[in-house]
Amino acid sequence: MPPPEGPVITDVIAHPLTQSLPKPTVTSWGAYTEVSMVLIEVRTDTGITGIGETLARFSPLAYADLIETSLKPRLTGQPAHAIAAHWQTMRRALSGRSGGMLFEAIAGVDIALWDILGKSAGLPVATLLGGQGRRAIDVYAAAVNWVDDAAAIDELQNYFDRGFTRIKVKLSTPVPDACRRIELLRNHAGDNIGLCVDANWAYSLDEAIVVGQALAANGFFWFEEPLKPEDEDGYRELRRRCDVPLAAGESNYTIDQAAPLVTSRTLSILQPDVARSGGITETRRIADFAYAHNVGYAPHIGMSGIVCETASVHLAAAMPNFRVMECECDESPFKTEIADLAPGCLRQKNSRLDVPTGPGLGLDINWDAVARLRTKA
Ligand SMILES: [Mg+2]
């Protein structure tokens, strides 16, 4: 007897959304005052609708056009549950090496297909993944911004007051200022708070060695994206020259791009973003590959919305090498307004976050908020 094929895809709708940030996020790239995303809706003939999210910080209308003109025609009329097959079909929508907008677009559709699978089965995505069965996961606060010393101390104190026991700090140049900030925050935090750093590619190799040595001396638990992601030789040299664990991976689109720094054990922690790295299907492949090489998995969220965050929670609950998940705390309508589930930064207690138990991702979308946040053409 053939297996039941389940619901058939009838429509793929891309909702481009843009929000102003009430308080700018300040990294080595500068201050973000506005950010975008694309919410994906995949409809089926059974009435089940899946929700996904595409990482599209800028130009969301271009992503929405790509999804509706190049991905939707490949999916409508197809059985929704053949997710890996759809992934390969969508990948062929553009030629050339893997990467860029197409893979972020695929990510959003893929997450929505997993949501449909979970709703069809009446099970949370974490359960469908057949993983570790965690009911709560460890999270860290992101982030103390690259602002002046007094403001940085205030932000750190705010995370203590909210109960976080692990906190990420943004660093940039000049290097002497970064090294002073490392000592200042460690002294203020004491030894019982976990601290890590994200440089968002701020450094040359020479600079990263100096900062990395200061981080190791002050017991920081990782040094994230010290160098641009293409500089793989630089990462390998940095690994030899300082003792702080290196973390990266949010800039990768596929397992092929993640592989070189995993097989060489250059990275201790791999940080794929499910809304960029090809969705749940490819992110699980990446996390499993890291597991096979004794490398940890720590989901990246950044300025994405509640759908990306929730899909990441399900992956975190399932994967054996999960270490800790980013909990972005800057105020964001993408996290607080577009679904009924409060964001992790408000739900966490003592840096622990419960895993949603509803079918699929466990989210109900507030379509009024989606309409309100729609990108102006
Ligand atoms: Mg980062």
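These questions and answers cover the fold, core, domains and selected residues of a predicted model.

User: How many helices and strands are there in the protein chain?
Analyst: This is a predicted model. Its protein chain holds both kinds of element: 14 helices and twelve strands.

User: What radius of gyration does the protein chain have, and why does it count as compact as a globular protein of that length?
Analyst: For 377 residues the globule rule gives 21 Å. The value for the protein chain is close to that, so the chain is as compact as a globular protein of that length. The C-alpha trace spans about 65 × 40 × 40 Å along its principal axes. The radius of gyration is 20 Å.

User: What percentage of the contacts with a separation of 6 or more comes from residues 24 or more positions apart?
Analyst: Of the 377 residues, 52% count as buried. Among contacts with a separation of 6 or more, residues 24 or more positions apart account for 75%.

User: Which helix gives the most to the largest nonpolar core?
Analyst: The largest nonpolar core has 117 residues. Val38, Ile67 and Val109 have the most contacts inside this core. Twelve of its residues come from one helix, spanning residues 101–121. That helix is H3.

User: Where does this core lie relative to domain 1 and domain 2?
Analyst: Domain 1 covers 9–123 + 368–372, and domain 2 covers 127–360. Both domains give residues to the core, so the core lies between them.

User: Which residues is Ile67 in contact with, leaving aside its neighbours within four places in sequence?
Analyst: Ile67 is one of the residues with the most contacts inside the core. Val38 and Val109 share that listing, and both are also in contact with Ile67. The full set is Val12, Ala14, Val38, Ile40, Lys72, Ala105 and Val109.

User: Which element gives the most to the side of domain 1 that touches domain 2?
Analyst: The C-alpha centres of the two domains lie 23 Å apart. Their contact takes 44 residues from domain 1 and 38 residues from domain 2. Strands E1, E2 and E3 and helices H2, H3 and H14 each supply at least two residues of the domain 1 side. With 13 residues, the element that gives the most is H3.

User: How many residues of the side of domain 1 that touches domain 2 are nonpolar?
Analyst: The residues of this side divide into three classes. Polar residues number 13 and charged residues seven. The nonpolar count is 24.

User: What length does helix H10 reach from its first C-alpha to its last?
Analyst: H10 runs over residues 279–292, which is 14 residues. At 1.5 Å a residue, 20 Å is expected. The helix comes close to that, reaching 20 Å.

User: Which residue takes a positive phi just after H10?
Analyst: Within H10 the buried residues include Ile280, Arg284 and Ala287. Just after the helix, phi turns positive, at about 60°. The residue is Asn294.

User: Is Pro16 buried or exposed?
Analyst: Pro16 lies in strand E1. Its contacts include Val38, Leu61 and Arg374. A residue is buried if 20 or more other C-beta atoms lie within 10 Å of its own. Pro16 has 23, so Pro16 is buried.

User: Is Gly77 buried or exposed?
Analyst: Gly77 is found in the loop between H1 and H2. Not counting residues up to four places away in sequence, Gly77 touches Val8 and Ile9. The cut-off for an exposed residue is 12 or fewer other C-beta atoms within 10 Å. Gly77 has 10, so Gly77 is exposed.

Methods
Residues numbered from 1 in each chain as written. Predicted model: local features only at pLDDT ≥ 70, side-chain atom pairs only at ≥ 80, totals over all residues. Helix = DSSP H or I, 4+ residues; strand = E, 2+ residues; numbered from the N terminus. Rg over C-alpha atoms; globule rule 2.2 N^0.38 Å. Contact = placed C-beta atoms within 7 Å. Core = buried A, V, L, I, M, F, W, Y, C linked by C-beta atoms within 7 Å. Domains from an automatic or database assignment. Nonpolar A, V, L, I, M, F, W, Y, C, P; charged D, E, K, R; others polar. Expected span 1.5 Å × (residues − 1).
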